[in-house]
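Me: Please take one part of this model and look at it closely, then set it beside the other parts that can be described in comparable detail. I would like a single connected account rather than a list.

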Amino acid sequence: MTPAPVGGQGEKNGQSRAAADDGRVRIFDTTLRDGEQAPGCTMSLDEKLAVAHQLARLRVDIIEAGFPAASDGDWTAVHEIAREVGGVYGPDICGLARANERDIERCWTAVEPAANARIHIFLATSDLHMKHKLGMTRSQVVAAAAASVSQACALGAQVEFSAEDAARSDPAFLYEVLTAALQCGATTLNVPDTVGYSTPDEYGALVAGVRANVSGIESATISAHCHDDLGLAVANSLAAARAGARQAECTINGIGERAGNAALEEFVMALHTRGQFFGLHTNIETRELARTSRLVSECTGIDVPPNKAIVGANAFAHEAGIHQDGVLKNRLTYEIMSADTVGWNGIGLVLGKHSGRHALRAKTESLGYELTDEELSHLFTRFKELADRKKLLDEGDIHGLMLQRDNGAVRELNS
Ligand code: KIV
Ligand code: ZN
């Protein structure tokens, strides 16, 4: 069977307008751009290529591979990813560009080898950014947005336009700039919460406002791009999806500028697990999530906290005795998703001082030991002593306790 294209709209560079709404939210992964530009997250070319290949296995729709005008290294990485990963059935490959001719040309030469190549142009629309950062008036911003989108479209790229700091922009002006970008050929309009200031109600209302006030919007895709400064990036992205955004910009493990971006794994699993509530879905191969998270963590050197949702080491581990007992009887008692669905293997029980006898028996059995009730009681006493000293016990510790049993405790039992 020929796989369906995961990326654009099928033809070269997906220049056709947005498909009818089927409830699918496209996943735009910016781990290699917004993620990689965060302090301490730099990756080598080989690492970026490895991550890009893995993102393709994860079936993201678009990979933002870098910011080609920023450095020769970035240009090369985007170019190589476009060549190696951007096949007809692969993801769209995107590069970031400021709204100026040089950035757009440089971006185009980098993404051009991809079957579906996208140029992502950004320009700030908040009064604060226009006055203090850009030194531009409102009419200059509208003109620059229109000119840069026209230039990129003329090159033959798909074009996404981002109104940087959209969440703090005057909504009427935001609609005006987005309308201009749309009229000049942009097919995706992004409304970033650049500084992570918005709340879910506000951000959802902003997306609804764009839908209601940008003329011709039904022929484009609205995109959400949220930062996590208040810990709301995923909640805001979900609110945007409910309000009609059909693209979400995310990073693996939520890495990114300052507090990071919306975590891809959390956004995707919220839609997956609460499908009935949202009535939306993605094309993501969820069983690749844990592996992708580990790879990004290894390449960036940024550890994933153990309690991180979906991909943290403890995300599917049940340490408390009552929880372990419940899960062993029926997983649904304390699990809303299965570890297998996100690519974790094994039963994931972490043993600690709160673990009960039932969990200890399950763990020893999974390690191949058969114990009588009496042996289990004896082992349980020593297990509790060890767990008092050591917070969490892994399989090696259990083997160690069993070895002690074989070397003496059994004699003790039999005496
Ligand atoms: O946060 C932001 O506004 C961005 C833009 C470049 C889209 O990353
Ligand atoms: Zn960003």
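Reply: **Contacts and setting**

Once its neighbours within four places in sequence are set aside, Ala313 is in contact with Arg294, Pro305, Pro306 and Trp344. The model is a predicted one, and in it Ala313 sits in the loop that runs between helix 12 (289-300) and helix 13 (321-329). Trp344 lies 31 residues away from Ala313 along the chain, yet the C-alpha atoms of the two are separated by 9.3 Å. Is Ala313 buried, exposed or partly exposed? Its relative accessible area is 48%, and because buried means under 20% and exposed over 50%, Ala313 counts as partly exposed.

For the setting of this residue, the chain as a whole comes to 16 helices and 10 strands, and buried residues make up 55% of its 415 residues. Of the contacts between residues at least 6 apart in sequence, 73% join residues at least 24 apart. The chain exposes about 17700 Å², of which carbon and sulfur atoms supply 51%.

Helix 4 (residues 101-111) offers a view of buried residues, namely Asp103, Ile104, Cys107, Trp108, Ala110 and Val111. These residues lie on the same side of helix 4, because they cover an arc of only 160 degrees around the axis. An α-helix has 3.6 residues a turn, so residues three or four places apart point the same way. The cover over the buried residues of helix 4 includes helix 3 (72-85), strand 3 (92-98), strand 4 and helix 6 (138-155). At the start of helix 4, a side-chain oxygen of Asn100 comes within 3.2 Å of the backbone nitrogen of Arg102.

Strand 4 (117-124) appears again around ligand 1, where this strand, helix 1 (31-35), strand 5 (158-164) and strand 6 (188-193) each supply at least two residues of the shell. Among the residues that surround ligand 1 are Leu96, His120, Phe122, Ser162, Glu164, Asn190 and His227, and by class the shell holds three nonpolar, six polar and three charged residues. A polar side-chain atom of Arg33 is 3.0 Å from an oxygen atom of ligand 1, while an N or O atom in the side chain of Asp34 lies 3.1 Å from an oxygen atom of the ligand. For His225, too, a side-chain N or O atom is 3.1 Å from an oxygen atom of ligand 1. Taken alone, ligand 1 exposes 260 Å², and the protein buries 95% of that area.

Technical notes: Residues numbered from 1 in each chain as written. Chains lettered and ligands numbered in written order. Predicted model: local features only at pLDDT ≥ 70, side-chain atom pairs only at ≥ 80, totals over all residues. Heavy atoms only, no water. Near = heavy atom within 4 Å. Polar contact = N/O pair within 3.5 Å; in protein donor to acceptor, adjacent residues only side chain to side chain. Areas by Shrake-Rupley, 256 points an atom, 1.4 Å probe, with all protein chains shown as cover. Helix = DSSP H or I, 4+ residues; strand = E, 2+ residues; numbered from the N terminus. Nonpolar A, V, L, I, M, F, W, Y, C, P; charged D, E, K, R; others polar. Buried < 20%, exposed > 50% of the residue type's maximum accessible area, 1.4 Å probe, protein only. Contact = heavy atoms within 4.5 Å. Arc of directions from axis to C-beta.
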